[in-house]
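The exercises below are meant to be worked with the sequence and the model side by side. Try each task before reading its solution.

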Amino acid sequence: MRRQFSWSAIGALSLALIAFIPAEAADNAAIKEKAAACAGCHGENGISQTENIPSLAGQPDQFLQWQLVFFRAGSRKNDQMQPIVEEITNEDIRNFGAYFASLTPPKGAEDGDPDLSKKGAQVATGRRCASCHTDSYAGTKAVARLAGQREEYLVKALHDYKAGQRVGGGVAAMADVAYHMSDEEITAVSHYLAHLK
């Protein structure tokens, strides 16, 4: 039996779809407005201009959500983040993850020391960084994006893992990798990843 749709049914469906679009746009605007508070430290559009503060733009959604959960639970500590995470809901965490993941990630800066980058690439290969962070170092799921991240932040993060001061997802793997790295290797791999295009 062949069904026929009336024009009124099609019109009602169209109106329902159109009515849904502004609500979604309003939600996106509300998320963007809430995320604007993060710009003071993490930069406009999630690209940090502040030393030792990571860029959030283009980080994988799950990775961002887990970091906020770790901060809120107190297992990952930061004096600036603690009062912020105490005020956010689970829905905020999901929204922030999706929002920052959707932003264009930072581009690697011009490399003023290609020899150091070459050494860093060798360290990254030797330590098998791509096995978790992907071949492009863009991260995936709950694993961080490293490409284009602030160089001094990467150095700090690796030293924190090495010293057992950083906890959270993947901590066992990262602590094991970082523990065996020399300061020179940490400097070289951080430089390589920060300047990766």
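Contact here means heavy atoms within 4.5 Å, and the model to which this cut-off is applied is a predicted one.

**Exercise 1. Describe the overall make-up of the protein, starting from its secondary structure.**

Solution. Begin with the elements: the protein has 10 helices and 0 strands, so that its pattern along the sequence, by the DSSP runs used here, reads α-α-α-α-α-α-α-α-α-α. Next, turn to burial, where 36% of the 197 residues count as buried. The accessible surface comes to about 12,200 Å², and carbon and sulfur atoms account for 57% of that area. Finally, consider contacts between residues at least 6 apart in sequence, of which 69% join residues at least 24 apart.

**Exercise 2. Check the span of helix 6, and then determine which residues it buries and which it exposes.**

Solution. The first step is the length: helix 6 comprises 13 residues, 114-126, and because a rise of 1.5 Å a residue is expected, it should span 18 Å, which agrees with the 18 Å between its end C-alpha atoms. The second step is to list the buried residues, which are Leu 116, Ser 117, Gly 120, Val 123 and Ala 124. These cover an arc of only 115° around the axis, and therefore they lie on the same side of helix 6. The third step is to look at the face turned away from this buried side, where the exposed residues are Pro 114, Asp 115, Lys 118, Lys 119, Gln 122, Thr 125 and Gly 126. As a fourth step, ask what covers the buried residues of helix 6: the cover includes helix 10, residues 183-194. Beyond the helix comes Arg 128, whose phi is positive, near 55°.

**Exercise 3. Locate the largest nonpolar core and identify the elements that contribute to it.**

Solution. Start with its membership: the largest nonpolar core has 20 residues, and those with the most contacts inside it are Tyr 137, Leu 158, Val 189 and Leu 193. Then assign the core to elements, since two or more residues come from each of helix 6, helix 8 (151-162), helix 9 (171-179) and helix 10. Helix 10 gives the most, with 5 residues. To follow one member in detail, take Leu 158, which, leaving aside neighbours within four places in sequence, is in contact with Met 174, Ala 178, Met 181, Ile 186, Val 189 and Ser 190. A second core, separate from this one, has 15 residues, among them Leu 56, Leu 64, Ile 88 and Ile 93.

How values were computed:
Residues are numbered from 1 along each chain as its sequence is written. This is a predicted model: local features need pLDDT of at least 70, side-chain atom pairs count only at pLDDT 80 or more; totals for chains, interfaces and linings use all residues. Side-chain values use heavy atoms; hydrogens and water are left out. Helices (H or I, at least four residues) and strands (E, at least two) are DSSP runs, numbered from the N terminus. The expected span of a helix is 1.5 Å times one less than its number of residues. Buried means under 20% relative accessible area, exposed over 50%, partly exposed in between (1.4 Å probe, protein chains only). The arc is that of the directions from the helix axis to the C-beta atoms. Accessible areas come from the Shrake-Rupley method with a 1.4 Å probe; for residues, only the protein chains shown count as cover. A nonpolar core is a set of buried Ala, Val, Leu, Ile, Met, Phe, Trp, Tyr and Cys residues joined through side-chain atoms within 4.5 Å.
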